[in-house]
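Biologist: I'm new to this one, so could you pick a single part and walk me through it slowly? Plain language is fine.

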Amino acid sequence: MATYAGRYSEHLQDRYGNGYRNAKVAVQTLAAAPVTLYADRDRTAYVPAAGLAANEIKADSRGNLRFFADPGNYQIVVTPVGGSTLGAFPVSVFPDPLEP
């Protein structure tokens, strides 16, 4: 296991460039199992906001998404506020560039 968690960040947007503000995002393995998320690269325990599962996060008010997880290939399942799930999208979390 790597010393540090990897960081993933992305701007979630629709085809017109509008950010998916406060969208709920579930992080899963490619087999749809929940992924352990961390609060930072030092693997501090992630405490989800009220109403979210341990593997869920919310995009910010501009649609920016950021999370820390062990390096690997995952999928994110995006659900906009007041909308239906958009689907599962593959993502890769790379090792921290400062990894010794």
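Modeller: Sure, let's settle on Y46 and follow what surrounds it. Leaving aside neighbours within four places in sequence, Y46 is in contact with L37, Y38, A39, L52, A54, E56 and I57. Keep in mind that this is a predicted model. Y46 itself sits in the loop between β3 and β4. Is Y46 buried, exposed or partly exposed? With a relative accessible area of 22%, Y46 counts as partly exposed, because the buried class is kept for values under 20%.

Now pick out E56 from that contact list. The Y46 side chain reaches the backbone oxygen of E56 at 2.6 Å. E56 belongs to strand β4, which covers residues 56-58. Unlike the partly exposed Y46, E56 is buried, at 13% relative accessible area. Which backbone atom does the side chain of E56 reach? That would be the backbone nitrogen of A53, at 2.8 Å. So here's the little chain of contacts to trace on screen, because both distances fall within the 3.5 Å cut-off for a polar contact: the side chain of Y46 to the backbone oxygen of E56, and the side chain of E56 to the backbone nitrogen of A53. Setting aside residues up to four places away in sequence, E56 touches K24, V25, A26, L37, Y46, P48 and G51. Notice that L37 turns up in the contacts of Y46 and also in those of E56.

L37 leads us to β3, which spans residues 37-38. Strand β3 is part of an open sheet of 3 strands, in the order β1-β5-β3 with antiparallel pairing. β1 and β3 stand at the edges with a single partner strand each, so one side of each has no neighbour in the sheet. On the β1 side, β1 and β5 (residues 64-69) pair in the antiparallel sense over 6 bridges. If you want one pair to look for, S9 has R66 in β5 as its bridge partner.

Two loop residues are worth a glance on the way out. Most residues other than glycine have a negative phi. N22, though not a glycine, has a positive phi of about 60°, and A32 does likewise at about 75°. N22 lies in the loop between β1 and β2 and is partly exposed at 36% relative accessibility. A32 is in the loop between β2 and β3, and is partly exposed too, with a relative accessible area of 44%.

One last bearing for Y46: its C-alpha atom is 26 Å from that of S84, with the two residues 38 apart along the chain.

How values were computed. Residues are numbered from 1 along each chain as its sequence is written. This is a predicted model: local features need pLDDT of at least 70, side-chain atom pairs count only at pLDDT 80 or more; totals for chains, interfaces and linings use all residues. Side-chain values use heavy atoms; hydrogens and water are left out. Helices (H or I, at least four residues) and strands (E, at least two) are DSSP runs, numbered from the N terminus. Buried means under 20% relative accessible area, exposed over 50%, partly exposed in between (1.4 Å probe, protein chains only). A polar contact is a pair of N or O atoms within 3.5 Å; within protein, one must be able to donate a hydrogen and the other to accept it, and residues adjacent in sequence count only if both atoms are side-chain atoms. Contact means heavy atoms within 4.5 Å. Two strands pair if DSSP finds at least two bridges between them.
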